[in-house]
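Biologist: Please take one part of this model and go through it closely, starting from a sheet and working outward. I would like the cut-offs behind each term as you use it.

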Amino acid sequence: MKILIVEDEPKAGDYLVKGLNESGYVVDLARNGIDGLALALEHDYELIVLDVMLPQMDGWTVLARLRERKETPVLFLTARDDVADRVKGLELGADDYLVKPFAFAELLARVKTLLRRGPVRESDILRLADLEIDVLRRRVTRGGQRIDLTAKEFALLHLLAKRQGEVLSRTQIASMVWDMNFDSDTNVVDVAIRRLRAKVDDPYALKLVQTVRGMGYLLEARE
Amino acid sequence: MKRRPLSLTLRVALLLSAVSVASFVAVGAYLYHTLQRQMASRDDIELIAKVDQLRRIIAGLPSAAAIASDGRALTDTLYGHNDFMLRVNAADGKPLLQTSVTSRPLPQVDSVPVQRALTLDDIHDWQPAAGIGRMVRATALAGAGAAGGEPVQVTLARERSDRLKLLRGYAGDLLLALGGGALLATLLGYAIVRHSMRQLRSVVAKANDISTSRMNTRLSVQDAPVELRELGVAFNGMLNRLEDGVQRLSGFAADLAHDMRTPVNTLMVETQVALSRARTVEEYQALLASNSEEYERLSRMIENTLFLARADNAQLALRRETLDLRAELQRIHDYFEILADDVGVRLNVEAEALRVDIDPVLLQRAVSNLVANAIPHTPAGGQVTLSARAVADGVEIQVSNSGPGIAAAHLPHIFDRYYRADPARSAGAGLGLSIVRAIMELHGGKITVDSQSGLTTFSLRFEKK
């Protein structure tokens, strides 16, 4: 999976490269619009992460020029989130946008979504170590032992299991489990995770629900 | 190249002069034509009178031959009128009498018979050597006293050159008066308009005087003319709004900067302390995680500030949808239930089935802010109630909680930005309630708060659209 990042801010460029590298992507970095466009036209990237404010040639122009020749998916990053700006980006052919400052987990999730091809068929039974989730019957067991979960606890565990190995931010979780679509100050998600753990993890030696401090939560088997 | 538009003063003055020229021309032309017509008709009447007189004299003469031998009786009638020309012919065409013959012959026209009186219709134009003239030809009977009498033909013509000269002089005078009048009207008009524009120039001077640091200048509208009073009132209104906006903006910027100090300070000091000596990997991880939380707080603060700034400038577009209010409240209830349960607070929903047109994300945000605010202020064992009911012309959503409540002194200020009733206890950036109010204002709704006898209630009232 090869990704091109076009970002002029040195620190931002470096951390994006590092973060995406460590998440298993091959990443090229261009530090201005002209280089970015040249690279994008020369190589076949699977995704381009494009900053809007760039020296020499801005992101809009890069996007417009790119779309004349190629349909590579583009995720654009912007510090301005006026509706007009967003609409402009999408009209020029961007596939998604992210407003700065963003959580890295959020960026990763968007990148994954854009790289995912075709609809993903969700399996009816999700497994991790000795945890088994029967989605249709809404039954959860660990080591064959039935665990009773409330509807929301089930939804939370289901989400983490579907995206296992992927860090989910609190905002993402609040949006996908409770349909709360704004960044709230509350620690509802933390309390919910704590309760889920009490049922799913606490009685067992192998812990599955992991906290990534400062980022969010993920489901992963860890001793 | 685009021409610079003329000044209003000049434009009005020019229009004024155009109007005066047009009316002068119309009046002048009318006067000229009236004079011309009157002169012509008076001349014609005189011509007819003379011919009548000549006919009578001829009738008194003994014979046609007497006209040729002694024409004085006839020419005497024309004495003093040297623009008249008289010719008398015998019936056979032989000239009997002729005065001042022109080089050009008189045109052939029918003679008016003796027995018929002359009318204005019998007068014809005639072209002398220069200019124009009028002529009449009539038959007369010489010696009519005797039986029968001899018919003769009388032709009387009159040259009008002097009349035309008179008219031309008159036209010249008229033109001169007209030009002078138009010039005078233009100059006076310019002066008057310029004088009236003085008030406008004072508006310009005042406007030039205004800057963001000096916004207290206002136009005096009392002594201004009606047209300018409206302008002045509008201008002052605009200044009031601008001043208000600028003041809010600068207060806002100061508040924001102030509020960012705390997290930035935490970040700075925490990081510097950590770097002052070597730490274990775990310690570094803890530091970075703690920093990340601070950053998220800063990021939320910026987002909230931006939200309020946009709400202020009405840059936020509402996306109203028809919502099932009870379902929306239930959703919020489900989200906060765990949190409430965790601190021993009961969270209830008491809602009628209502459908409303509200932006769903903003509704969620407003009610969530209130609930998030209520839960920590409710003692364990207490309860927070979300309710919705139909009221006259709208719906009312209430979030109420039991507990000690908010002191009356704080109530008027709790919606102000960064206002904290209890600085030690408040966790958020102090923008939550301001955001709720902004959301209500965007919807044209109202928020009120009431806190007494152990119950604090926030009411959101949405008008039916």
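Modeller: What follows starts with a sheet in chain B, moves to the contact between the chains, and ends with some local details.

This is a predicted model, in which local features need pLDDT of at least 70 and side-chain atom pairs count only at pLDDT 80 or more, while totals for chains, interfaces and linings use all residues. Residues are numbered from 1 along each chain as its sequence is written, with chains lettered from A and ligands numbered from 1 in the order in which they are written.

Helices (H or I, at least four residues) and strands (E, at least two) are DSSP runs, numbered from the N terminus. In chain B, five strands make up an open sheet of mixed pairing, in the order E7-E9-E10-E12-E11; two strands pair if DSSP finds at least two bridges between them. Strand E7 (346-351) and E11 of chain B are at the edges with a single partner strand each, so one side of each has no neighbour in the sheet. On average, and with direction ignored, neighbouring strands are turned by 15° against each other. Axes here are lines fitted to C-alpha atoms, for helices over the stretch in contact, and angles run from 0 to 180 degrees between N-to-C directions.

Within the sheet, strands E9 (residues 383-391) and E10 (residues 394-402) of chain B run antiparallel and are joined by eight bridges. B:Ser387 has B:Gln398 in E10(B) as its bridge partner. At another point, the loop between strand E11 (446-452) and strand E12 (455-463) of chain B holds B:Ser453. This residue is not a glycine, yet its phi is positive, about 40°. B:Ser453 is exposed, with 5 other C-beta atoms within 10 Å. A residue counts as buried if 20 or more other C-beta atoms lie within 10 Å of its own, exposed if 12 or fewer, and partly exposed in between, with C-beta atoms placed from the backbone.

H9(B) lies across E9, E10 and E12 of chain B and runs at about 15° to E10(B). Contact between two residues means that their C-beta atoms, placed from the backbone, lie within 7 Å.

Between the chains, 23 residues of chain B are in contact with 19 residues of chain A. Helix H7 (281-312), helix H8 (325-342) and helix H9 (360-374) of chain B each supply at least two residues of the side that touches chain A. H7(B) gives the largest share, eight residues. That side of chain B divides into 10 nonpolar, six polar and seven charged residues. Ala, Val, Leu, Ile, Met, Phe, Trp, Tyr, Cys and Pro count as nonpolar, Asp, Glu, Lys and Arg as charged, and the others, Gly among them, as polar.

Elsewhere in chain B, B:Ala142 belongs to strand E4 (residues 133-142). B:Ala142 is buried, with 27 other C-beta atoms within 10 Å. Beyond its neighbours within four places in sequence, its contacts include B:Ile58, B:Leu61, B:Ile67 and B:Val152. B:Ala142 and B:Ile67 are 75 residues apart along the chain, and their C-alpha atoms are separated by 8.4 Å.

Chain A offers two loop details. A cis peptide bond, with omega about -5°, joins A:Lys100 and A:Pro101; A:Pro101 is in the loop between strand E5 (96-99) and helix H5 (104-115) of chain A. A:Ala129, in the loop between strand E6 (125-128) and strand E7 (131-134) of chain A, has a positive phi near 50°. A:Ala129 is partly exposed, with 15 other C-beta atoms within 10 Å.
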